[in-house]
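Please open the model in your viewer and keep the selection panel at hand. The tour moves from the nonpolar interior to the cysteines and then to a pair of packed helices.

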Amino acid sequence: MFPGATDEREVLDASTDAGRAGDDATDGEISDRGGADFVVVGAPLDVSTTFQPGTRFGPRRIRTFAETFDDYDRRTDQYFSELGVVDYGDVYAWDDAEAYLEYLEGTLRDVVWDDAVPVTLGGEHTISLAGARAVDPEVFVCLDAHLDLREAYDGNRLSHACVTRRILEDVDSLEEVIVLGARTGSEEEWDRASEDDVTVLAPEDVADFSVGDRLDGREAYLSVDIDGADPASAPGTGTMEPFGLEPREMRDVVREVAPFADGFDVVEVNDRDDGQAASLAGKLLREFVYTAAHEST
């Protein structure tokens, strides 16, 4: 369970017990998730990582390395444990990516239908396709070292190297993709990135870019690929790319996008470091929740 969140099994048990007892709280006050505002879902998919696998361990490591964080946030004067965060647990992954994404999409769409924000722990970046389909945003904002705009990688259209391309093609309401921190890609990807529906910012330009100005009046989905960070800060990822973003720059983007985002994920954390990547991922998740909750009050 993510530290500070409520285990969904406990919420469901409490709701069931109240219903059996005829408790008045069942009349709209206790939903299937106890009125959760944010639902953490683990998605440990690990089938297409192109260099160092291990994203199947990402959700577990993120939860583990978030245990040291204080519950209280001075900036927003809030306690994480009081913000309506429920942990659904992991959606068990298997090797059929297409079928898994369909199942995960249904799980995340149920969260949206419960008027909560899905907060997904990857898993490889492919899982963002399920999240974006479930939320159906107008803007997909991504912190990432890579463009992920390939038509296919090694013949696989559902590779993690193609996820942003698939989101552009498959999410009906999508108007624009904004990739922050990208510093590598194939010639084909850079050609696709030059079209009007894609904006790409190099790491050195991110600090001076006001992404919030682009989101005003529009619904967004925010994805954090942990390799957007410089590998000195987050070496526990599959495809490290030097000259990346600093953690504070990523934090600032998360804070700026959170008020507009109806879904969030952090992906590509593996088990090949001493917890740096997982710790950063967990902290960014908390920054998202703190900011989204604070701005909604």
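Select first the largest nonpolar core, a set of 50 residues in which Phe38, Leu180 and Phe288 have the most contacts; such a core joins buried Ala, Val, Leu, Ile, Met, Phe, Trp, Tyr and Cys residues through side-chain atoms within 4.5 Å, and buried means under 20% relative accessible area with a 1.4 Å probe, protein chains only. Helix α10 (residues 276–296) gives the largest share of this core, 11 residues. The model is predicted, so local features need pLDDT of at least 70 and side-chain atom pairs pLDDT 80 or more, while totals for chains, interfaces and linings use all residues. Residues are numbered from 1 along each chain as its sequence is written, and side-chain values use heavy atoms, without hydrogens and water.

Next, centre on Leu180: leaving aside neighbours within four places in sequence, its contacts (heavy atoms within 4.5 Å) include Val141, Cys142, Leu143 and Phe209.

Stay with Cys142 and add Cys162. Why is the sulfur of Cys142 not in a bond with that of Cys162? The two sulfurs are 14 Å apart, too far for a bond, and the structure holds zero disulfides (pairs of cysteine sulfur atoms within 2.5 Å). Cys142 is buried at 0% relative accessibility, and Cys162 is buried with a relative accessible area of 0%.

Finally, show helix α2 (residues 58–65) with α10: they pack at an angle of about 75°, with axes 8 Å apart, which makes α2 roughly perpendicular to α10 (65 to 115 degrees). Arg61, Ile62 and Phe65 of α2 meet Ala278, Ser279, Ala281 and Gly282 of α10.

Terms used: Helix = DSSP H or I, 4+ residues; strand = E, 2+ residues; numbered from the N terminus. Axes fitted to C-alpha atoms, helices over the stretch in contact; angles between N-to-C directions. Parallel < 35°, antiparallel > 145°, perpendicular 65-115°, else oblique.
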